[in-house]
Amino acid sequence: MSHRTYLALSGLHCASCVQRVQSALAAVPGVEHAVVNLADRSAEVRGEAEESALVSAVLKTGYQAWVVHDPREALRTQTREARTEFLTKLARTALGLVFGLGLMLRMPHHPAIPLIWNDERLNWLLLTVLTGAVMLLGGWHFYRGAWKALRSGSTTMDTLISLGTLSAYSYSLAVVLFTDDFPADARHVYLEAAVMIIALVNLGSLLETQARRNAQAAIRELIALQPDEATVLTETGEQSMAISLIRPGDRLLIRPGERIPVDGKVITGQLHVDESMLTGEYRPVLKQEGGILHAGSQNLAGSAEVSVSHIGEETALAEIIRRVREAQNARPPIANQVDRIAAIFVPSVIAIALLTLVTWLVFGPAPHLTHALVATVSVLIIACPCALGLAVPMSIMMASNLASRHGILIRDGIALQMASHLTTLIFDKTGTLTEGRGSVNHVEICNGYDEPQLLAWAAAIEHDSEHAFAQAILRRARQTGVTVPPCSHFMSVAGKGIQGMVEGHLIIIGNEAMLQDAQVILDPVKHLLMHWTQAGISPLLMAVDGELAGAFGIADTIRPDARRALGRLRHLGIQTMLLSGDHQGPTASLAAELGIETYWGGMQPQQKLQIIHEQQLRGEIVGMVGDGINDAPALAAADVGIALGRGTDVAMAASGITLTNDHLDNLFLAVRISRATLRNIRQNLLAAFIYNIIAIPLAAGALYPWTGWQLNPMIAAAAMAASSLTVVLNAGRLRFLRLKR
């Protein structure tokens with residue numbers, strides 16, 4: 001299984017930056033997949049590459065990187081850096097705006113540059129030098145970034161800004177130093193334009209930084225749920241200990257009002273716990289002896305001694321944080337189109353700027369050089385790869401935050417995009433549309449065995465199974481008080497049943513196919529099985545040493561939210577189907593109650609795969625909803641696999657979306673969020689494309705032959721900053737998406 005490495009990055013500004021870092025990481029030996037997120041300046045790398053090699057690859061592109069091992073420590077580091085970055089950008093912006101506005105107010109009243117060197121011309125030179133100093137202080141990061149990009153043979157947004165501002169400044173400096181060499185009508189300086197361009201770009205970046213901090217709120221809130229310390233019970237008494245020092249098997253004391261620091265099990269005492277971080281339900285849950293506790297949940301009342309089971313990255317909270325990070329780094333297929341454009345965007349803009357320069361010099365009115373300079377600088381400044389780079393990740397980040405707050409974890413961009421196009425949703429039955437807490441309502445004994453003996457043996461081999469029917473057998477065994485013996489040579493047959501050795505006997509439990517494969521004669525219960533299935537009762541057959549020993553009739557109840565959830569999905573235009581490994585009778589009965597017209601019963605995992613493929617061949621975009629190990633192949637084969645949070649780890653690993661709180665209504669919310677997100681991404685991309693398509697020709701002077709109007713470079717800078725901010729604000733609208741349950 002490939003290893004995941006998370007990197008925190010700094011210095012990225014635009015889509016071209018992302019492309020450079022992503023390409024560098026992908027080229028590292030051992031890397032299977034790399035994705036860079038401009039919105040939160042992070043990277044996720046899958047493969048077996050050395051961490052040092054990944055960091056080195058990023059450093060060679062001119063950016064900073066460090067490996068994220070501890071999310072809490074990474075959060076502190078990123079918070080400190082974000083605060084420093086914000087204050088630095090604020091200072092740069094303030095310096096540029098104050099100095100630039102001062103220049104703008106003074107220039108109309110400032111005397112023309114004299115042809116001879118006198119005090120007035122020296123004042124102009126001093127003003128030019130001061131302008132250069134302000135440009136370096138406020139825009140050094142742009143020039144440094146452009147130089148690093150040049151050394152690595154690439155171009156970025158920094159390249160465009162550097163070329164534009166340095167061109168304006170160099171022309172102004174030349175006019176001041178060699179005034180008499182310029183025609184009278186070409187003796188213009190653009191000092192205020194050079195400064196204001198840097199100030200306005202910094203202002204846009206400042207606002208974008210704050211918006212990104214707001215978008216990362218979900219991760220910060222989740223990480224903050226885990227306390228720094230816990231009370232450990234030792235031989236010498238109570239001891240306050242850092243979370244990093246706690247190990248599985250340690251005993252903790254949980255007091256009223258405290259956050260649960262790690263995953264564990266209640267040994268003594270009882271707690272009333274708020275598990276809304278896991279389930280989305282704001283209600284106290286009683287935890288008594290044997291009760292499972294999760295890190296990040298809060299003890300509302302009571303105290304208890306707890307045995308630690310999972311720590312660090314193995315806790316349920318860490319898994320949620322990991323899934324939210326994956327969701328925020330998700331790259332839907334639509335992002336690949338952006339990558340292809342970003343790869344050629346900056347070189348194309350530079351080519352357009354050179355063409356603009358030549359066109360104005362050859363065909364433009366006098367003064368040729370002045371008009372050419374204004375047009376060229378405007379083209380370089382107004383082109384905005386930032387908006388392209390932010391269009392996808394900002395929407396993904398906002399959507400993943402919204403989804404996680406409703407108990408929906410989206411693992412990858414493909415699942416997000418495909419969920420927006422779903423036409424068919426296929427449901428598993430047991431534990432998905434039913435409660436999965438079936439009860440053994442009927443027991444049929446065969447060949448002289450008795451019920452306690454069968455229950456004891458059945459419970460022995462079902463002991464470690466997560467299937468709903470297994471849990472029903474175990475509950476019945478506990479209720480009758482039978483002693484459960486140990487089991488050996490356990491084996492599971494997907495879609496059929498299980499077998500094992502108990503007290504020297506070969507025990508087989510499963511459906512008809514399982515026992516028929518073992519050559520067990522089922523004639524004595526054929527009629528009974530038909531009666532049970534017609535009544536909606538699921539039969540579970542049992543054989544001992546190749547002989548039929550009995551049958552358990554298990555009844556399950558429909559989940560209370562199933563009918564409403566299916567109705568809301570149909571309202572979205574999604575057809576619903578039922579696909580179950582249970583017998584045809586119970587499956588048909590459930591389908592009739594829920595209004596599902598298309599259903600299949602008695603399906604084995606391979607048959608489930610075949611049905612999904614058949615639907616896909618018909619042009620359907622298929623989603624599969626399940627919770628069991630036997631659902632894993634179907635979940636992986638569907639266009640969108642959706643697992644319930646209470647399901648098996650295998651099912652969740654095979655799915656693209658997980659519903660942590662098990663509400664079926666969240667299927668409707670997941671589709672709504674995915675559709676809204678893809679719509680938002682398209683709006684962002686459309687805005688970015690339209691902006692550049694309109695802005696670049698205007699900056700080049702397309703309207704000058706008819707109107708005599710030429711775009712001021714300062715207006716170009718303001719427009720570029722505004723385009724990035726527009727994308728950020730549009731993505732932010734997802735936070736206010738109305739999701740009616």
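Leu105 is exposed, with a relative accessible area of 65%; the cut-off for that label is over 50%. This is a predicted model, so take the percentage as a computed value for the predicted coordinates. Leu105 sits in helix α3, which covers residues 71-106. Follow the chain and you find Glu192 a full 87 residues away from Leu105, yet the C-alpha atoms of the two are separated by 9.5 Å.

Zooming out for a moment, the protein chain has 741 residues, and 55% of them count as buried. Its secondary structure comes to 25 helices and 26 strands. What about contacts that link distant parts of the sequence? Among contacts between residues at least 6 apart in sequence, 70% join residues at least 24 apart.

**A helix pair**

Now for helices α5 (residues 157-177) and α11 (residues 368-382). Their axes are 8 Å apart, and the packing angle is about 155°. Angles over 145 degrees count as roughly antiparallel, and α5 and α11 are therefore roughly antiparallel to each other. As for handedness, the crossing of α5 and α11 is left-handed.

Which residues make the contact? On the α5 side they are Leu160, Ile161, Leu163, Gly164, Thr165, Ser167, Ala168 and Tyr171, and they meet Leu369, Thr370, Leu373, Val377, Leu380 and Ile381 of α11. Sort the residues of this contact by type and you get 10 nonpolar, four polar and no charged.

**An open sheet**

On to the strands. Six of them form an open sheet with antiparallel pairing, and the order is β6-β5-β7-β13-β8-β11. The edge strands, β6 and β11 (292-293), each pair on one side only.

Start at the β6 edge and work inward. A hairpin takes β5 into β6 through two residues. Within that pair, Thr234 stands opposite Gly237 of β6. On its other pairing, β5 runs antiparallel to β7, where Thr231 has Leu253 as its bridge partner. Leu253 turns up again one pairing further along: its bridge partner in β13 is Glu305. Reading across, you can step from Thr231 to Leu253 and then from Leu253 to Glu305. While you're looking at the side chains here, keep the usual pattern in mind: in a regular strand they alternate between the two faces of the sheet.

**Another set of strands**

Strand β9 also has two antiparallel partners, β10 and β12. Its residues Val273 and His272 each give you a handy place to look. Val273 has Val285 as its bridge partner in β10, while His272 is bridged to Ala301 in β12.

Here are the pairings side by side, with the bridge count for each.

| Strand | Partner strand | Bridges and direction |
|---|---|---|
| β5 (residues 229-234) | β6 (residues 237-242) | six bridges, antiparallel |
| β5 | β7 (residues 251-254) | two bridges, antiparallel |
| β7 | β13 (residues 304-310) | four bridges, antiparallel |
| β9 (residues 271-274) | β10 (residues 284-287) | four bridges, antiparallel |
| β9 | β12 (residues 298-301) | three bridges, antiparallel |

How values were computed. Residues numbered from 1 in each chain as written. Predicted model: local features only at pLDDT ≥ 70, side-chain atom pairs only at ≥ 80, totals over all residues. Heavy atoms only, no water. Axes fitted to C-alpha atoms, helices over the stretch in contact; angles between N-to-C directions. Parallel < 35°, antiparallel > 145°, perpendicular 65-115°, else oblique. Left-handed = near helix turned anticlockwise from the far one by under 90°. Contact = heavy atoms within 4.5 Å. Nonpolar A, V, L, I, M, F, W, Y, C, P; charged D, E, K, R; others polar. Pairing = 2+ DSSP bridges. Buried < 20%, exposed > 50% of the residue type's maximum accessible area, 1.4 Å probe, protein only.
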